[in-house]
Amino acid sequence: MTDSQMIREIKEGNVELFSELMRRYQRKILAFVYHMLRSSHLELMAEDLCSETFYKAFRSLHSFREVDASFSTWLYTIARNTVLSELRKQKGAHIPLEESGVNPAAPAEIAPEQAILRNEKVELVREAINNLPEKQRSALILREYDQLDYQEIADILGQSVSSVKSLLFRARSSVKVQLEPYFYEYNFEQYEGMKSR
C-alpha cells in the first residue's frame with residue numbers, strides 16, 4: 001500500500017493505519033531530528049521530538065494535500081520546524097557532550113587503537129557538520145544521511161533546487177576546510193612514521 005492510499009484510508013477513518021505510516025518513517029525522522037539536535041548537544045530530546053513530530057502530523061493529516069508535497073517532504077518539514085521551535089526554546093541552555101549520554105562506540109572486532117582513531121574521525125566530521133549554519137547543516141543531513149533528492153530537500157527547507165545545490169556546495173566546502181588541518185597532520189604523522197622505520 002502506498003503512502004497516498006494509506007493517508008486516504010486514514011482520512012476516511014481507518015486511523016490504525018497511522019501506526020504503519022509511522023513505522024515507515026520513524027527511523028529516518030529520528031535520525032534527522034538527532035542530527036539537527038547534535039550541534040546544541042540536545043540529542044537526548046530526539047525521541048521526544050520525533051514523537052511530537054508524528055503527533056503533529058496525525059493532528060494535521062486532514063490538511064495534508066498531496067498536490068503540494070509528498071508525505072515524506074511534509075513530514076520532514078514538520079520535524080524540522082519542531083526541532084527549530086525547540087532550539088529557540090532552549091536557546092541559552094547548554095548541555096555538555098559528556099553529560100549528553102552519547103558515546104560513540106566502535107565495533108568489537110576493531111583494534112582499540114583503530115577504534116580510537118575511527119571515533120576521533122567520526123567526532124571531527126560531526127563537529128564540522130555541527131558548526132555549519134542551520135540551513136547548510138539541514139541540507140547536508142537530508143542529502144547525505146537521509147538520501148533525499150534535491151527537490152525534496154528544497155521543499156522541506158522552502159528553497160529552490162539551485163539554492164539547495166548552493167547550500168550543499170558551501171556545506172561540503174566548509175566541512176572540507178574544517179577537516180583539512182586534521183587530515184594533513186594525520187597524513188604527515190603517518191609519513192614521518194614510515195620514514196623512521
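In this predicted model, F58 sits in helix α3, which spans residues 46–60. The relative accessibility of F58 is 37%, so this phenylalanine counts as partly exposed, a class that lies between the buried limit of under 20% and the exposed limit of over 50%. Leaving aside residues up to four places away in sequence, the contacts of F58 are with V15 and F18. A further pairing worth a look is that of F58 with S19: the two are 39 residues apart along the chain, and their C-alpha atoms are separated by 9.9 Å.

Attention can now turn to the empty space inside the model. A probe the size of a water molecule, rolled over the atoms, shows where such space remains. Here the search gives one cavity of 30 Å³ or more. The largest cavity holds about 40 Å³ of space, and its lining is made up of H35, R38, R126, I129, N130, I141 and Y145. Two or more of these lining residues come from each of the helices α2 (17–38), α5 (112–130) and α6 (134–145). Helix α5 provides the largest share of the lining, with three residues.

The chemical make-up of this lining is mixed: three of its residues are nonpolar, two are polar and two are charged. Because Ile and Tyr count as nonpolar and Arg as charged, the nonpolar part of the lining consists of I129, I141 and Y145, while R38 and R126 are its charged residues. The polar residues of the lining are H35 and N130.

Technical notes. Residues are numbered from 1 along each chain as its sequence is written. This is a predicted model: local features need pLDDT of at least 70, side-chain atom pairs count only at pLDDT 80 or more; totals for chains, interfaces and linings use all residues. Side-chain values use heavy atoms; hydrogens and water are left out. On a 1 Å grid over the protein atoms alone, a cavity is a set of points where a 1.4 Å probe fits but cannot get out, and a pocket is an open set with protein on both sides within 12 Å along at least five of seven lines; lining residues have an atom within 4 Å of a point. Grid points are joined across faces, edges and corners, and a volume is the space filled by probe spheres set on the points. Helices (H or I, at least four residues) and strands (E, at least two) are DSSP runs, numbered from the N terminus. Buried means under 20% relative accessible area, exposed over 50%, partly exposed in between (1.4 Å probe, protein chains only). Contact means heavy atoms within 4.5 Å.
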